[in-house]
Amino acid sequence: AAYFLQQAGRDYVVFERSHAPGSFFALYPRHRKLISINKQYTGKSNSEFNLRHDWNSLLSHDRRLLFRHYSRDFFPHADTMVRYLEDFASLLELRVQYNTAIIHVTLERNEQAWNGHYFLLTDQDRKNYKCSSLLVATGTWVPNVVNFPGSEYVEGYETVSINPEDFAGQTVLILGRGNSAFETAENILGVTNFIHMVSRSRVRLSWATHYVGDLRAINNGLLDTYQLKSLDGLLEGDLEDLAIVKDKKGKLHITLRFYLENGNISAGIDSITLPQDELDNFATRAPYDRVIRCLGWKFDFSIYNRSLRMMPGKGNIKKYPQIKPSYESRGTRGLFVLGTASHSVDFRKSAGGFIHGFRYTTRAVHRLLENRHHGVPWPSTVYPITQLTNSIIKRVNEASGLYQMFSVLADIILLRELLPKSAFEYLEEYPTGVLAELEMQTGRKAPNGLFVIIMEYGRNFSGADKDVFYYNRAVGEAQHAWQSNFLHPVIYYYKRLPTEREMKLRPPEWPLPRPDAIHHIVEDFLTDWTAPNAHILPLRRFLENCLSTDLRSFFAESCFLFAFTHQKLPPFCQQGYVRMQGLVGSEGLRRHAVQAGLLQDYTLTDFSGDRPPDSHDRSRDQLLRDQVIPVRPLQHLVKAKDE
């Protein structure tokens, strides 16, 4: 966020509680191995494409600040991330004020302020600061704690020993079912008697849910030892129903809360009924040496005054603040939440809670603010309509923001003229949740319809209970593209901009309202959507049907022929050939066109007479060299026809 503000020349400051950037990574993950991939080689030199497989780099113009220059490990060490963030702040000379802990935030009403109020911030030294817009990127760092009888015997993930020898010969119970829980188990798997893991929900594997926040393969060794019956195991249960009782030997016994209601815990374990007293094969009847809490983190709401109305979300997103799809607080205008703390927008759907996702949503928020406060429209590029197919194919094959923030960020194509549609405007990586507000949020107009390009998984392919390795799981034929399961491009066409009501009433699990037309580009094993027949041809025909125009490209001979035989020239001929633009012909192109059936092969014509065998070749070569001859008369012919 600081980088984008600095590049735009804005007045900003970053308050950092610690003495250096990335203090979270100085401690976490405790066992120091990141689970964000750092793929060194992709077989391609396209930097935008390579970011699809670089989950650690932040966005900047400085090529030195790519994470692959800092580590060659596929799963890098956390200390490397700390060093990388320090270099990012220093090399780009970002304005960061360290050792500044903001302890209170409130509002000061002022009609002259951008949003009708200023934000007043107070640090640990009682020094006050005032700003017009507030970007909150403090992450989720407050440990989740469950209080139950005996919870004082539980060790937290944030403080537990990371030396495996401290667990040698011990029996361990882990509370939690996420990556931190399995990371802790992986570290001590080889030295413990056995490890049990208990949580309210079943284990969710990231390869099944396609959500990178779920259990990653690098940490799932406990699943092997559980399913292969090597003493370790997983249990499901509500942690709030548990209770822990400590015996005279220091062993920890698991019981249920309601048993304690009928016993006197202060009188000792002998007076308390344990589940195994009634059910002699109770799963957790064996005592534990240690119980470790690995329940993740939540957002710190404590520093915000009630006037800001920073409220937690509901249900499974209660650890995040409530924000709009534009990442602005639902309670206070001008307060935006960035980074991990903004993950409520796409929780368990996309990658917005992780570096390789929120680096793009942060840039999107910056663009929204630039338009709102400085009148700088969303960046866009205008192309002739003949480049529509190529523009889409290029983006779906290399764009990293679309790829990482699938179903959340979309490319928008605005059609410039109603009839004929001769040009379009291309906007990249716009939040789909605020599509109805596109004109207000971007400063761009959409009066003549639009295309929305996003990436999606199949509707019923992802889920904790899904078998993603079943036979015939992939679709290979273009006519079945709508049944594609793996990540693939989807193009929505709207004759007009959807309304806010239509956004709210969209079908369940749909990122967008029902369009006037929709096209799926069939999934590809190589994620390379450049096959002429399987990918490009169906897309072009879809676009032609939506626009009622011909988007094909033609050789000069064809345009010349159309000028004499058709009332209207295709856009490619209008915008290219008639204006003396296009590729210069060659023998190789002509031969390819003949083989493809696009041109007649005049070289096979039988001419009688005494002309030498190579005279036809010489005349044909002269026509290829002299590009002016067929073009200039054509301009006058078309003009005369129009008049």
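Tyr84 has plenty of company in this predicted model: leaving aside residues up to four places away in sequence, Tyr84 touches Asn56, Ser57, Leu58, Leu65, Leu66, Phe67 and Tyr70 (contact meaning heavy atoms within 4.5 Å). Tyr84 also turns up, with Val105, Tyr304, Leu308 and Leu335, among the residues touching the most other members of the 47-residue largest nonpolar core. Such a core is a set of buried Ala, Val, Leu, Ile, Met, Phe, Trp, Tyr and Cys residues joined through side-chain atoms within 4.5 Å, where buried means under 20% relative accessible area (1.4 Å probe, protein chains only). Elements giving two or more residues to this core include helix H4 (78-91), strand S3 (102-109) and helix H10 (355-374); helices (H or I) are DSSP runs of at least four residues and strands (E) of at least two, numbered from the N terminus.

As for domains, an automatic or database assignment sets the bounds, and the chain splits into domain 1 (1-139 + 300-371), domain 2 (151-295), domain 3 (380-547) and domain 4 (556-595). The C-alpha centres of domain 1 and domain 4 sit 51 Å apart.

Then there is Thr140, found in the loop between S6 and strand S7 (142-143). Thr140 counts as buried because its relative accessible area is 13%. Not counting residues up to four places away in sequence, Thr140 touches Phe24, Trp297, Lys298, Phe299, Lys319, Tyr320, Thr340 and Ala341.

Numbering runs from 1 along each chain as its sequence is written, and side-chain values use heavy atoms, without hydrogens or water. Local features need pLDDT of at least 70 and side-chain atom pairs count only at pLDDT 80 or more, while totals for chains, interfaces and linings use all residues.

Note on methods: Buried < 20%, exposed > 50% of the residue type's maximum accessible area, 1.4 Å probe, protein only.
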